[in-house]
Amino acid sequence: MAQLSIRIPPGTTHVASVRAFVGAVGRSTGCSEEAVDDLRLVATEACAQAIEEDAPPEGIEVRSLLEDGRLLLEIEPCGRFDRAPEGLDGVSEGSTRRALIEGLFPDAEFDDQVLRVAVPITPN
Amino acid sequence: MDVIVGTRTEGPWTLVEVAGELDLHTSPPLRDHLLELIQGGVDHLALDLTKVDFMDSSSLGSLVTCLKRVRERDGKLVLVGVGGTPMKVLTLTGLDRVFDIVGSTSELPPG
């Protein structure tokens, strides 16, 4: 499968479009519903973090790629995760969003404002 | 998109019914509605999340803000019917131990 991607302007209203994109890609590639839910949550958290850290005007890109029997999702930029969402200061030691992502995906890679997560797939 | 379906009174509780997806775009209007209720004197607030199928940490922040505000007034905020992704988010952040959570409106305490 070719790489699929969506680029959204850095506004809160567009994050729902990312969830729709990630959900469609996940289901069409054979991810479990639980994996799809987790991917949608991770993509939302990363986009929200980038928006709260003043994402660039060119927006945020979410890319999906099939690789070695896995669906790989990349979000760029994903922010630095050095700021808690409003109301959650002090809930966790570091970033609540990052803790949430790492709770769902212990192997999540945070690399120079690119977040990478992967889930196993059952090819259709 | 407005996620607030309705607000009604059940005994001592003011019940706010919510539906759809809660994120950093949709949760601020909900937070403002809840804070208005609290500011207006509501001290037993129940949030029915039965029809909420998605919730992120921005939404949790909004709910925590409301919880703090209602507790400052010796009031209560109870979450009703939490499941799926919203429950997973609450559990992973440990906030399931902070909020009072019941399965349905019939399980709301008498007051």
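Begin by selecting α2(A), which lies across β2, β3 and β5 (114–120) of chain A and runs at about 15 degrees to β3(A). Helices (H or I, at least four residues) and strands (E, at least two) are DSSP runs numbered from the N terminus, while axes are lines fitted to C-alpha atoms, for helices over the stretch in contact, with angles running from 0 to 180 degrees between N-to-C directions. The model is a predicted one, in which local features need pLDDT of at least 70 and side-chain atom pairs count only at pLDDT 80 or more, whereas totals for chains, interfaces and linings use all residues. Residues are numbered from 1 along each chain as its sequence is written, and chains are lettered from A and ligands numbered from 1 in the order in which they are written.

**The sheet of chain A**

Next, show the strands beneath that helix: five of them form an open sheet in the order β1-β2-β3-β5-β4 (chain A), with antiparallel pairing. Because β1 (4–8) and β4 (109–111) of chain A stand at the edges with a single partner strand each, one side of each is left without a neighbour in the sheet; two strands count as paired if DSSP finds at least two bridges between them. From one strand to the next the twist averages 15 degrees.

Select β2 (residues 60–67) and β3 (residues 70–76) of chain A, which pair in the antiparallel sense over seven bridges, and look for Glu61(A), which stands opposite Glu76(A) in β3(A). Then add α1(A), which lies across β1, β2 and β3 of chain A and runs at about 175 degrees to β1(A).

**The nonpolar core**

Now colour the largest nonpolar core, which has 65 residues; those with the most contacts inside it are Val42(A), Ala43(A), Ala46(A), Cys47(A), Leu73(A), Ile75(A) and Leu47(B). Such a core is a set of buried Ala, Val, Leu, Ile, Met, Phe, Trp, Tyr and Cys residues joined through C-beta atoms within 7 Å, and a residue is buried if 20 or more other C-beta atoms lie within 10 Å of its own, exposed if 12 or fewer, and partly exposed in between, with C-beta atoms placed from the backbone. The helix with which the tour began, α2(A), gives the most to this core, with 10 residues. Centre the view on Cys47(A), which touches Val15(A), Val18(A), Ile60(A) and Ile75(A), not counting residues up to four places away in sequence; here two residues are in contact if their C-beta atoms, placed from the backbone, lie within 7 Å.

**Where the chains meet**

Show both chains together: the contact takes 20 residues from chain A and 18 residues from chain B. On the side of chain A that touches chain B, α1 (15–28), α2 (33–52) and α3 (96–104) of chain A each supply at least two residues, and α2(A) gives the most, with six.

From chain B, select helix α3 (residues 84–93), in which Thr85(B), Pro86(B), Lys88(B), Val89(B), Leu90(B) and Thr93(B) are buried. What covers the buried residues of α3(B) includes α2 and α3 of chain A together with β3 and α2 of chain B. Just beyond this helix comes Gly94(B), whose phi is positive, near 80 degrees.

**The sheet and helices of chain B**

Turn to the open sheet of chain B, where five strands follow the order β1-β2-β3-β4-β5 and the pairing is mixed. Its edge strands are β1 (4–10) and β5 (100–102) of chain B, each of which pairs on one side only, and the twist averages 25 degrees from one strand to the next.

Select β1(B) and β2(B), which run antiparallel and are joined by six bridges, with Ile4(B) opposite Val18(B) in β2(B). Their hairpin has two residues between the strands, and in it Gly11(B) takes a positive phi near 60 degrees. On its other pairing, β2 (residues 13–22) of chain B meets β3 (residues 44–55) of chain B in the parallel sense over eight bridges, and there Ala19(B) stands opposite Lys51(B) in β3(B). Seven of the 10 residues of β2(B) are buried, so that the strand is mostly covered.

Finally, select helix α2 (residues 57–72) of chain B, which lies across β2, β3 and β4 (76–80) of chain B and runs at about 145 degrees to β4(B). Add α1(B), which packs against α2(B) at an angle of about 5 degrees, with their axes 9 Å apart. That makes α1(B) roughly parallel to α2(B), a term for angles under 35 degrees.

Note on methods: Angles under 35 degrees count as roughly parallel, over 145 as roughly antiparallel, 65 to 115 as roughly perpendicular and the rest as oblique.
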